[in-house]
Number of protein chains: 2
Amino acid sequence: MTATTDTRERLLDVAEVMFAERGVRETSLRGITQKAGTNLAAVNYHFGSKNGLVGAVFQRRLGPINAERLRRLDEAERVAAGGPVTLEAILRAFLEPALHGRRDAHACFVLVARAHLAPDPELRAMLMSAFDAVAARFGAALQASLPGIPPTEFFWRMHFLIGSLCHTVVNGALLEDISGGLCRGDDDEEILARLVSFGAAGLRAAVDEGAREASSSDVAAARASARKRRTRR
Amino acid sequence: MTATTDTRERLLDVAEVMFAERGVRETSLRGITQKAGTNLAAVNYHFGSKNGLVGAVFQRRLGPINAERLRRLDEAERVAAGGPVTLEAILRAFLEPALHGRRDAHACFVLVARAHLAPDPELRAMLMSAFDAVAARFGAALQASLPGIPPTEFFWRMHFLIGSLCHTVVNGALLEDISGGLCRGDDDEEILARLVSFGAAGLRAAVDEGAREASSSDVAAARASARKRRTRR
DNA sequence: GTCTATAAACGGATAGAC
DNA sequence: GTCTATCCGTTTATAGAC
């Protein structure tokens with residue numbers, strides 16, 4: 001289908017799709033190289049290892065997509081002219097560059113979500129580093145547009161939203177099943193619109209009057225104890 | 001630690017924890033049998049296969065938990081005395097039986113979430129059948145408590161909420177990282193309170209005025225086309 | 001019921017010819 | 001750069017002794 005004739009590029013294309021469809025660990029290099037019309041050794045020659053191939057698949061798309069995300073957020077802030085940017089605008093600035101692309105970008109998007117949910121820590125670490133810059137920028141923008149939400153609550157809600165996004169992207173077929181066919185799980189425009197309205201409402205939810213927000217000393221203590229828990233393993 | 005002396009029970013205990021911690025596919029029968037102080041053949045003798053062991057781990061907990069879920073929903077509806085049951089009460093009826101249990105139940109809960117997100121269709125199929133009854137009851141109750149939300153929108157939001165839940169349960173450690181240690185990802189009571197308020201707000205979100213809801217003929221068409229898509233593979 | 005030993009297959013990585 | 005052939009570890013599953 002694609003006009004690429006280069007072996008390296010063909011491997012990236014095939015791996016991207018197969019990883020997205022079945023998961024990284026569930027896809028063998030033999031299966032990839034067979035479908036790409038080459039042989040096992042080609043992967044090690046071009047990418048060094050299976051994880052090298054995974055990383056290359058990520059890098060090919062994530063750089064441009066994340067740059068576009070930042071560009072759109074800048075644009076939204078420019079339009080707001082110092083005023084607050086709406087939650088919905090921020091969410092769209094993050095989601096649209098990944099969703100509105102053609103099918104190739106879509107496969108990588110599914111792969112990213114899969115890797116994010118996978119039990120393999122090495123896989124997730126590869127992703128986290130690629131998202132450092134956008135995570136910082138978008139986290140700050142979202143927090144600024146939610147002045148009434150304390151930091152702790154904010155992070156919880158961000159986590160919930162990330163879970164919604166990943167699950168929806170990865171398990172679109174499941175949604176078709178539980179809805180009896182009412183919902184199309186593979187329509188990116190639909191994911192976008194529904195998720196933005198759901199997520200914005202969840203992020204804006206009234207803070208439970210019963211919940212005591214951590215004081216700054218509690219924050220310091222929590223950070224210290226989290227460090228301890230992390231190093232323990 | 002546990003006082004069980006039976007090999008079969010010991011295998012279930014060890015498998016439950018290791019599956020929850022590292023994932024089913026990532027955990028070898030060798031690792032399980034070694035930690036359980038027995039040998040590889042014991043698994044096949046007691047459970048037939050690795051998937052048989054997974055199913056047995058599910059069944060041991062899911063039956064009682066799902067029964068308790070239905071009991072609590074009945075109780076909430078009885079208290080409401082024919083009136084509407086609040087969204088929050090329904091969500092709590094579903095979540096508390098899985099979360100408020102002791103550590104053993106918690107491990108199985110993590111495992112269920114993991115299996116739900118895993119790329120292995122066989123794993124998910126084992127779960128879906130176990131949840132048929134509760135899914136129907138809770139789906140109907142939730143929909144009844146959200147009279148303004150059209151069915152299509154409702155299923156999308158349910159899907160988002162399931163994603164939030166699974167991601168939070170499975171990737172609690174990640175939340176600690178992105179929050180810089182502010183949030184504790186392994187505190188079930190905290191997951192419960194935060195997720196209920198976030199989810200209820202998301203489910204109640206105003207329906208986008210621009211979105212056209214499917215008419216009943218569209219619904220029939222969607223079901224038919226979904227059937228076609230499913231059988232195609 | 002529990003064990004040892006082994007089968008049978010599959011995985012990623014690599015050496016070396018071309 | 002590309003290929004074949006092979007190494008070596010790991011996996012699940014099973015046969016058969018006790």
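This dialogue covers a protein surface near a DNA strand and one helix pair in a predicted model.

Student: What conventions apply to this predicted model?
Tutor: Residues are numbered from 1 along each chain as its sequence is written, and chains are lettered from A and ligands numbered from 1 in the order in which they are written. Local features need pLDDT of at least 70, side-chain atom pairs count only at pLDDT 80 or more, totals for chains, interfaces and linings use all residues, and side-chain values use heavy atoms, leaving out hydrogens and water.

Student: How many residues surround DNA strand C?
Tutor: A residue is near a strand if one of its heavy atoms lies within 4 Å of it. Here 15 residues surround DNA strand C, and the closest are A:Arg30, A:Leu40, A:Lys50, B:Thr38 and B:Asn39.

Student: Which atoms of DNA strand C lie within 4 Å of the protein?
Tutor: Sugar or phosphate accounts for 49% of them, and bases for the rest.

Student: Where does a polar side-chain atom of A:Arg30 lie?
Tutor: A polar contact is a pair of N or O atoms within 3.5 Å; within protein, one must be able to donate a hydrogen and the other to accept it, and residues adjacent in sequence count only if both atoms are side-chain atoms. For A:Arg30, such an atom is 2.8 Å from a base oxygen of DNA strand C. The side chain of B:Asn39 has an N or O atom 2.6 Å from a phosphate oxygen of that strand, and for B:His46 the distance from a polar side-chain atom to a phosphate oxygen is 2.9 Å.
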